[in-house]
Structures are given as C-alpha cells and as structure tokens.
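Dear colleague,

Please find below the structure I agreed to pass on to you. My findings follow directly after it.

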Amino acid sequence: MTTLTSGPSMRRRPGGSPRARHAARPAAPPVRNGALAVLRAVGVGLRTGLVLLVAGLAVVLVALPKATGSVPLSVLTQSMEPTLPPGTLVVVRPVAPEDVRIGDVVTYQLESGRPEVVTHRVVAIRSSSDGTRQFVFRGDANDAVDAEPVIPAQIRGALWYSLPWLGTVNQVVNGSRPWLLPLLAGLLLAYGAVMIVTGTVSTVRRRRRRARRRERGVDHTRRRPQQQVGTASRVV
C-alpha cells in the first residue's frame, strides 16, 4: 500500500539526492548616498564651528573682562607697532601704580578724570622728594617719549592680553551696539541646541525604522507558506 505524506519543499539536484529549499533572505538595506552624507557632515561641522566662534568672542570680549574688572580696548594708531598694530584688541586689567614697572604696557588717561586713554610702554619712572611717582611713556614705534609725565591717578590698567584683528569687532560690540554679540551668541547657541536635538531624534527614528524592517524581514521568512509536495513511501 502506498501512502502520501507532506514534507518541506524539496529540490532535486541532477543525478543526486533531494535537498531542502532555503528560505529567501531579507533584502539588504539600500546603501546611503555617500555624497549626501559628506555634505551633511560638512554642514554640521560649519554650524558647530560658527557657534563655537561666536561663543568664544562673547567670552573674550564680554564675559571675561566683566568677570575680572578688565576693560577691552581697540588700538587705533600705529604708535605701538609692531607689538600692537591698529585693529588689535587689548584687554587692560586694573593695576596698582606701585606695581607698575619699566617695560610694562600700560593704559593711562591723557588727563586725569577724562575718558581719552593711551596705551604705551613705560620707559622711565621718576620719584620726587615727597615720595610721589611719575611715569614716562613712549610708543614702540615713536622716536620721542610722550609729551607729559603721567601721575598715578591717570593709570587705568596694565595690558593683560591682546588679540589681533578683533579691535574692530570690539568697537561694534562694546561701542554703539553692546547688545549685538550677546544676542548673536544666544541665538547661535539656541540654534545649535535645536540642531543637536533634531539630529538625535532623527538618528533614533532611523534606527527604529531599520529595526522594524529587519523584524518584518524575519517574520516574512518565518511565516512564508511552504509548498506541499507528495513523497511516496511503501508499506510492506
């Protein structure tokens, strides 16, 4: 007597024994466009660099001077070349007159109590019989010393640090528009935070979509109906 039994789908090789047909593998995910990925990376780098640049300017021009009681000034003349050429930012911090030494770069008032200041180098210190001191200044590019000696009341501070080419920026930020740089820094920092959050959410969503595609591919192979074929077996 012959009976029929059902079994897995079989495929017979020519001249050989039958073998089971393998389940189809899930299709590989599409390859990401390399040029698009590079452009995105460049865009993120430029945005990050711009945010860091503005934040750094805000620290150098506003936050750090205010925190230390220093004053950012812009070099307008050539009298201190080549040390401090025009357009250089100089940050002057308070100094006691008795701590000023020959060779220091010091900012002093042209007249005591007036806002006009000059930043030159101390070339001599004179002491009178009553103990008062007078300072003689000269610009590095000048042949002669400044016209009048300077008394301690005119000393506004000594050079702390200088940065080339930022004097013009300082004139805008700390001059007619002191609100500009803090506002710009805040806007860029907010923009950077939004971009970071958006990028993180987008990455999480992409990973979830990929995981769902993989799950659908596995379920498809598991649930795919198998072809029924008959195989004969002889019962004696």
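Strands S7 and S8 pair in the antiparallel sense, with six bridges between them. The model is a predicted one. The two strands form a hairpin in which five residues lie between S7 and S8. In the turn, Gly-131 has a positive phi of about 90°. One bridge partnership joins Val-122 to Phe-137 in S8.

Both residues of that bridge also belong to the largest nonpolar core, which has 10 residues in all. Its other members are Val-100, Val-106, Tyr-108, Val-118, Phe-135, Val-150, Ile-155 and Ala-158. At least two residues of this core come from each of strands S6 (105–109), S7 (117–127), S8 (133–138) and S9 (155–163). A second core, separate from this one, comprises eight residues, among them Leu-57, Val-62, Val-91 and Tyr-161.

Within the largest core, Val-100 may merit your attention. Leaving aside residues up to four places away in sequence, Val-100 touches Val-95, Val-106, Val-122, Ile-125, Arg-133 and Phe-135.

A further point concerns Ser-74, which is placed in strand S4 (residues 71–74). A polar atom of the Ser-74 side chain lies 2.7 Å from the backbone oxygen of Gly-167. Gly-167 is also among the residues that Ser-74 touches, together with Thr-88, Asn-170 and Gln-171, again not counting residues up to four places away in sequence.

Yours sincerely

How values were computed
Residues are numbered from 1 along each chain as its sequence is written. This is a predicted model: local features need pLDDT of at least 70, side-chain atom pairs count only at pLDDT 80 or more; totals for chains, interfaces and linings use all residues. Side-chain values use heavy atoms; hydrogens and water are left out. A nonpolar core is a set of buried Ala, Val, Leu, Ile, Met, Phe, Trp, Tyr and Cys residues joined through side-chain atoms within 4.5 Å. Buried means under 20% relative accessible area, exposed over 50%, partly exposed in between (1.4 Å probe, protein chains only). Helices (H or I, at least four residues) and strands (E, at least two) are DSSP runs, numbered from the N terminus. Contact means heavy atoms within 4.5 Å. A polar contact is a pair of N or O atoms within 3.5 Å; within protein, one must be able to donate a hydrogen and the other to accept it, and residues adjacent in sequence count only if both atoms are side-chain atoms. Two strands pair if DSSP finds at least two bridges between them.
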